[in-house]
Each structure stands twice: as C-alpha cells, then as structure tokens.
Amino acid sequence: MNIFRVFLESSLAAQIIMVILVVFSIWSWAVFFRKLYELGVVNRRSKSFLMSYQFHKHIKEMENLGHLLTDNPYGKILKSGIEEFKTLKSAGNPEFLQLAENIKLAMERTKAKEIETIESGLPVLGTIVTASPFLGLLGTVWGIMESFLQIRARGSAHITVVAPGISDALITTVYGLLVAIPALIFNNLLRSRIIKLDTQLDNFISEVFARLKRGLVESE
C-alpha cells in the first residue's frame, strides 16, 4: 500500500486529519527522544553524585561536593537539606530539634520541583495518546457520512460510489492508531522510569534526613 498515493486520493477532510496526525507523530517521537536524552543525563550525573556521596560521611564534607550539588536531583535535594540544617542551627532556637521536620520538608519541595521539571513534555505525550484515536474516529465518521451523501446524491449504492468514503474512513483510523500506539508505549516507558526515580529520591531523602537530624542532636 502506497500511503502517499492513498493520501493524495483522499478527500480534503481526510487529508487535514492525516496531516494533523503526522504532526502528532513527529511531535511524540521528538518528545520521546528528548526525554530519553534528558533522563540519560540525569541518570549519569546522579550516578556520579552517588559515587562521591558514599565517601562523604560528615555534613561538612557533603557541603564540599561542588558542582555535584547543583547538576542532578540528588545533589539539589542534599543542598536544600543542608541549607535548612544550617538555618536551624544558626537561628539559635533552643527547640530547633522540634523543627527538624523542616529539613525533610525542604528536601521534599526540591524533589517535587525536580520531578516536575523531568516530567515536562509528558502531558503533551498523554494528549497525543488520547487525541489520536479520536481524530482517527472523526475521519471514520466523516468518511462514512461522505459515502451516504454520495449514495443519496447519485441514487446508487454501487461500490464505485461508496468506495472513496469507506477508504477515507479506514485510512484515518489506521493513521490514528499508528500515532497513538507508539505514543502510548513512549508515555508508559518514560513514566515508569520517572516513578522509579521518584521512589529512589524518597529513599535518599529519608537517609539524608536521618543523617542531618543526627547532626542536630549531636550539636545540641
């Protein structure tokens, strides 16, 4: 089947729907490869951070991780926790231990911002997954409607009368599914990786919080 020939022989309405679906397809592939690249960078920098972090047991040492505190989600979370830790200590509040939970809240806020940044673009992918089959369905309904209009106009239900409309109906459905299925796979794949990262960051926050809280107790 020559899809270009089918496209050229379709009605204007079917061509518009197919053009929109082709744009959606290119858009979804672009989002997928961009997010895949970004997650790869985050993963590589996070591994580099964690390799260094495991050899820095004290808070003072962790402060000196340099760029590793700013170029990945783990580092940014640790930095926000240390900053809140230092704020509590410098405030001179005798009850600062009761405010230790603020450290965890600061790290969780940073994590939420990082996840939001990583997830950018996924709503577009989700919209393409949802909208593409409906656009294909619109083409299907339009094609069938065209067929019935031709039958009424010509007074005949011969195959040569209904075939163009039926062809439009089927080809737009195929286009819609060809766009929606890969986009659905991309969306699920990316979301599963982000959910895994989110869980790992939660575990990291718990570990860092325990360390920083211990630091507050020791400095009391």
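**Figure 1. Ser10 is in contact with Gln15, Met18, Asp168 and Ile171, leaving aside its neighbours within four places in sequence.** Contact here means heavy atoms within 4.5 Å. What you're looking at is a predicted model, where local features need pLDDT of at least 70 and side-chain atom pairs count only at pLDDT 80 or more, while totals for chains, interfaces and linings use all residues. Residues are numbered from 1 along each chain as its sequence is written, and side-chain values use heavy atoms, with hydrogens and water left out. Ser10 sits in the loop between helix H1 (3-9) and helix H2 (12-53). Helices are DSSP runs of H or I with at least four residues, strands are runs of E with at least two, and both are numbered from the N terminus. With a relative accessible area of 10%, Ser10 is buried. Buried means under 20% relative accessible area, exposed means over 50%, and partly exposed is in between (1.4 Å probe, protein chains only).

**Figure 2. Now swap to Gln15, which has its place in helix H2.** Is Gln15 buried or exposed? Its relative accessible area is 19%, so Gln15 is buried. Not counting residues up to four places away in sequence, Gln15 touches Phe7, Leu8 and Ser10.

**Figure 3. Here's a salt bridge inside one helix: the side chains of Arg34 and Glu38, which both belong to helix H2.** A salt bridge is a side-chain nitrogen of Lys or Arg within 4 Å of a carboxyl oxygen of Asp or Glu. For Arg34 and Glu38, the N to O distance is 3.1 Å. Why are these two about one helical turn apart? Because Arg34 and Glu38 are four residues apart in helix H2. An α-helix has 3.6 residues a turn, so residues three or four places apart point the same way. Arg34 is partly exposed at 38% relative accessibility, and Glu38 is partly exposed too, at 29%. Lys35 joins in as well: Arg34, Lys35 and Glu38 are linked in a network of salt bridges. By this rule, the count comes to six salt bridges.

**Figure 4. Zoom in on Lys76 and Glu114, whose side chains meet in a salt bridge.** The distance from N to O is 3.4 Å. This pair links distant parts of the chain, with Lys76 in helix H4 (residues 73-90) and Glu114 in helix H5, 38 residues apart. Lys76 is partly exposed, with a relative accessible area of 30%, whereas Glu114 counts as buried at 13%.

**Figure 5. Glu119 and Arg191 form another salt bridge.** The closest N and O atoms of this pair are 4.0 Å apart. Glu119 lies in helix H5 and Arg191 in helix H7, so the pair ties together parts that are 72 residues apart in sequence. Both ends are partly exposed: Glu119 at 30% relative accessibility and Arg191 at 32%.

**Figure 6. Helix H5 (residues 101-119) gets a view to itself.** How far does H5 reach from its first C-alpha to its last? H5 has 19 residues and reaches 27 Å, close to the 27 Å expected at 1.5 Å a residue. That expected span is 1.5 Å times one less than the number of residues in the helix. The buried residues in H5 include Ile103, Ala106, Met107, Thr110, Lys111, Glu114, Ile115 and Ile118. Just past the helix, H5 is followed by Gly121, whose phi is positive, near 100°.

**Figure 7. Ile144, Phe148, Ile166 and Leu170 make a nonpolar patch of about 390 Å² on the surface.** Patches are made of residues with over 30% relative accessible area and no salt bridge; like charges are joined within 9 Å, and nonpolar side chains (Val, Leu, Ile, Met, Phe, Trp, Tyr) within 5 Å. Accessible areas come from the Shrake-Rupley method with a 1.4 Å probe, and for residues only the protein chains shown count as cover. Which helices supply the patch? Helix H6 (122-154) and helix H7 (159-219) each supply at least two of its residues. Phe148 lies in helix H6 and counts as exposed at 55% relative accessibility.

**Figure 8. Zooming back out, the chain has seven helices and zero strands.** The radius of gyration of the chain is 28 Å, well over the 17 Å that the globule rule gives for 220 residues, so the chain is more spread out than a compact globule. That radius is taken over C-alpha atoms, and the globule rule is 2.2 Å times the number of residues to the power 0.38. Along its principal axes, the C-alpha trace spans about 95 × 30 × 20 Å. Of the 220 residues, 38% count as buried.
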